[in-house]
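Here are some exercises to work through with the model open beside you. Try each task before you read its solution.

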Amino acid sequence: MGIRGELYTTQTTLANRSYFFNVKENRTGDVFLQIVESKNRDGADFDRHQIAVFEEDLQKFLNGLDDSLRFIQKNRKEQERLRAERKAAKEAKYGGASSVEKKKVFRKGFSEDDDFRPRDPAAPKKTGRVHVVSKIQK
């Protein structure tokens, strides 16, 4: 028996997390799987979370995990199918990639025939807001 009852250990490292899968045996001889997640925090500390699944419950645990993985895969395929349908519907409505022409939108009161010249910097800026001019003459 290894250190602290460890029978077998494997590690999986991801971007900023590491997962340890430890098969251990306790003092009474019960074998269990310990899953430890270690997350690097601030470069100095580590967040550690662990679960222990005993040998007699391991098959139920793996069945639940397998069901969850099947759901994720099925859901991913369904999401991809819906995304493709929405894209096809959008292309049918607005035209596909062959349609490079963009729709021109004009402000109220303007049309395509209007001459768009750069604004004179000395002219007052038109913001569309109502400007109140005082009636009092100086």
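Helices (H or I, at least four residues) and strands (E, at least two) are DSSP runs, numbered from the N terminus. Please keep in mind that this is a predicted model, in which local features need pLDDT of at least 70, side-chain atom pairs count only at pLDDT 80 or more, and totals for chains, interfaces and linings use all residues. Residues are numbered from 1 along each chain as its sequence is written, and side-chain values use heavy atoms, with hydrogens and water left out.

**Exercise 1. The overall layout**

Task: Work out how many helices and strands the protein has, and in what pattern they follow along the sequence.

Solution: Start by counting, which gives 1 helix and 4 strands. Next, read along the sequence to find the pattern β-β-β-β-α. Finally, turn to burial, where buried means under 20% relative accessible area, exposed means over 50%, and partly exposed lies in between (1.4 Å probe, protein chains only). Of the 138 residues, 9% count as buried.

**Exercise 2. The length of helix 1**

Task: Compare the expected span of helix 1 with the distance between its end C-alpha atoms.

Solution: The expected span of a helix is 1.5 Å times one less than its number of residues. Helix 1 covers residues 58-94, so its 37 residues should span 54 Å. The end C-alpha atoms are 53 Å apart, which agrees. Now step past the end of the helix: Gly 95 follows, with a positive phi near 95°.

**Exercise 3. Salt bridges**

Task: Find the salt-bridge partners of Arg 70 and Glu 78, then look for a network that includes Arg 41.

Solution: A salt bridge here is a side-chain nitrogen of Lys or Arg within 4 Å of a carboxyl oxygen of Asp or Glu. Side chains of opposite charge can pair when their charged atoms come close. The structure holds 7 salt bridges.

- Step 1: Arg 70 pairs with Asp 67 at 3.1 Å, N to O. These two residues are 3 residues apart in helix 1, so about one helical turn separates them. Arg 70 is partly exposed at 46%, and Asp 67 is partly exposed at 44%.
- Step 2: Glu 78 pairs with Arg 81, their closest N and O atoms being 2.4 Å apart. Glu 78 is partly exposed at 34%, as is Arg 81 at 38%. Both lie in helix 1, 3 residues apart, about one turn of the helix.
- Step 3: Salt bridges with shared partners join Arg 41, Asp 45 and Asp 47 into one network. Within it, Asp 47 and Arg 41 meet at 3.3 Å, N to O. Asp 47 is partly exposed at 26%, and Arg 41 is partly exposed at 37%.

**Exercise 4. Two surface patches**

Task: Identify the residues of the negative patch and of the nonpolar patch.

Solution: Patches are made of residues with over 30% relative accessible area and no salt bridge; like charges are joined within 9 Å, and nonpolar side chains (Val, Leu, Ile, Met, Phe, Trp, Tyr) within 5 Å. Accessible areas come from the Shrake-Rupley method with a 1.4 Å probe, and for residues only the protein chains shown count as cover.

- Step 1: Asp 30, Glu 55, Glu 56 and Asp 57 form the negative patch on the surface. Glu 56 sits in the loop between strand 4 (45-54) and helix 1, and is exposed at 60%. Asp and Glu count as negative, Lys and Arg as positive, while His and the chain ends are not counted. The place of a charge is taken as NZ of Lys, CZ of Arg, CG of Asp or CD of Glu.
- Step 2: Leu 62, Leu 65, Leu 69, Phe 71 and Ile 72 make a nonpolar surface patch of about 470 Å². Phe 71 belongs to helix 1 and is exposed at 55%.
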